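Here's a quick briefing to read with the structure open beside you. Take it one topic at a time and find each residue as you go.

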Amino acid sequence: MASSAAYLQALFGLDGKTAVVVGGTGVLGGAIAEALGGAGAHVVVVGRTLKNDESGQSIVDRLKAAGGSAEFVAADSTKREDISAIVAHLKANNRHCDVLVNGAGVNSATPFFDITDEEFERILNTNLRAVQIACQIFGKDMVERGTKGSIINIASLSGIIALSRVFTYSVTKAGVLNLTQNLAREFAQYGIRVNALSPGFFPAEQNRKILSPDRVANIRRHTPTLRVQGDDPQSPFGTPDELAGAVLLLAASKAGSFITGTNSVVDGGFTAMTI
């Protein structure tokens with residue numbers, strides 16, 4: 001009988017695979033990149049330039065320090081030419097994408113009547129259109145190469161249930177969920193699995209501005225899984241590393257081989273609570 005380590009490696013190991021994490025410079029994207037790298041994948045951390053150069057490189061450095069393989073690629077996920085350039089870059093280095101994670105995202109707390117066309121378009125482009133672009137470009141490459149790949153689209157609780165103060169964000173994440181189901185059906189014939197991952201409340205750059213004390217108290221009342229985090233004896237928030245298990249299940253060709261078209265919710269029980 002194989003050892004437990006060998007058994008887990010056979011189920012969840014990503015040795016020899018390449019994972020592209022779009023939005024990998026964010027808090028959650030970075031944790032996802034590290035999880036994939038820890039499972040053996042070569043990780044391509046994708047983020048826009050400027051400050052993302054530093055955060056992206058720091059993630060790459062941590063992966064390499066742990067014995068992994070990774071690189072940072074600067075790209076605007078809303079531009080087809082940038083995403084196509086990543087495919088070309090991988091090809092030039094004798095690689096191709098086996099696991100695609102679409103995790104770029106922006107948010108706004110603008111009241112509904114104050115949302116401008118420019119703001120709506122900006123959030124729509126980053127949160128939804130970029131997912132569509134990456135799925136088209138990388139998906140086509142997977143099909144042409146015969147890659148039995150996995151695509152993981154990062155959605156949100158707000159795409160499932162109505163949450164206040166995130167109107168445009170919610171619309172885009174609902175779109176991500178629908179797109180995921182449609183692509184799962186379309187890509188299944190090629191052996192490509194497409195799933196969504198909906199994190200609950202994980203403090204990140206795009207939601208810190210709306211986490212007022214009152215909002216945190218409401219989240220706490222609605223989350224059955226409470227535990228000590230820092231100075232808070234009853235924190236309702238997840239930690240980024242707690243997404244690792246779900247990501248590896250959806251990414252792994254063996255453990256997740258019959259999983260497609262799903263939405264994995266990691267929320268500490270938030271959506272299970274009513275009164």
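First, a word you'll need: two residues are in contact when they have heavy atoms within 4.5 Å of each other. With that in hand, look at Q9: once you set aside its neighbours within four places in sequence, Q9 is in contact with L14 and D15. Keep in mind that what you're looking at is a predicted model.

**The overall picture**

- The protein is built with eight helices and nine strands. Its radius of gyration is 18 Å, close to the 19 Å that the globule rule gives for 275 residues, so the protein is as compact as a globular protein of that length.
- Picture a box of roughly 50 × 50 × 40 Å, taken along the principal axes: that's what the C-alpha atoms fill.
- How much of the protein counts as buried? The figure is 47% of the 275 residues.
- Now take the contacts between residues at least 6 apart in sequence: 72% of them join residues at least 24 apart.

**Holes inside**

- There are three cavities of 30 Å³ or more, and the largest cavity holds about 40 Å³ of space.
- Which residues line the largest cavity? They are N107, S108, T110, I115, E119, I123, V166, F167, T168 and Y169.
- Sorted by class, that lining has five nonpolar, four polar and one charged residues.
- Two helices, α5 (117–145) and α6 (167–187), each give at least two residues to the lining of the largest cavity. The largest share comes from α6, with three residues.

**Cysteines without a bridge**

- A disulfide is a covalent bond between the sulfur atoms of two cysteines. Search the whole structure for disulfides and you find zero.
- Why does C97 not form one? Its closest cysteine sulfur is in C135, and at 10 Å that is too far for a bond, because a disulfide needs the two sulfur atoms within 2.5 Å.
- Coming from the other side, C135 has its closest cysteine sulfur in C97, 10 Å away and again too far for a bond.
- Buried or exposed? C97 counts as buried, at 1% relative accessibility, and C135 counts as buried at 1% too.

**Two residues with a positive phi**

- Some background helps here: most residues other than glycine have a negative phi.
- N94 goes the other way, with a positive phi of about 55° although it isn't a glycine. You'll find N94 in the loop between α4 (80–92) and β4 (99–102). N94 is exposed, with a relative accessible area of 76%.
- R165 also isn't a glycine, and its phi is positive, at about 70°. Look for R165 in the loop between β5 (150–154) and α6. At 35% relative accessibility, R165 counts as partly exposed.

**Three residues to find yourself**

- Start back at Q9, which sits in helix α1 (residues 4–12). Q9 is partly exposed, since its relative accessible area is 37% and that label covers values between 20% and 50%. Try finding V45 as well: Q9 and V45 are 36 residues apart in sequence, and their C-alpha atoms are 23 Å apart in space.
- Next, V228 belongs to strand β7 (residues 227–229). With a relative accessible area of 58%, V228 is exposed. P240 is twelve residues from V228 in sequence, and the C-alpha to C-alpha distance between them is 15 Å.
- Finish with I219, in helix α7 (residues 213–221). I219 is buried, because its relative accessible area is 4% and buried means under 20%.
- Which residues does I219 touch, leaving aside its neighbours within four places in sequence? I219 is in contact with F201, L211, P236, F237 and F270.
- For a longer trip, go from I219 to K17: they're 202 residues apart along the chain, and their C-alpha atoms are separated by 38 Å.

Notes:
Residues are numbered from 1 along each chain as its sequence is written. This is a predicted model: local features need pLDDT of at least 70, side-chain atom pairs count only at pLDDT 80 or more; totals for chains, interfaces and linings use all residues. Side-chain values use heavy atoms; hydrogens and water are left out. On a 1 Å grid over the protein atoms alone, a cavity is a set of points where a 1.4 Å probe fits but cannot get out, and a pocket is an open set with protein on both sides within 12 Å along at least five of seven lines; lining residues have an atom within 4 Å of a point. Grid points are joined across faces, edges and corners, and a volume is the space filled by probe spheres set on the points. Helices (H or I, at least four residues) and strands (E, at least two) are DSSP runs, numbered from the N terminus. Ala, Val, Leu, Ile, Met, Phe, Trp, Tyr, Cys and Pro count as nonpolar, Asp, Glu, Lys and Arg as charged, and the others, Gly among them, as polar. Buried means under 20% relative accessible area, exposed over 50%, partly exposed in between (1.4 Å probe, protein chains only). The radius of gyration is taken over C-alpha atoms; the globule rule is 2.2 Å times the number of residues to the power 0.38.
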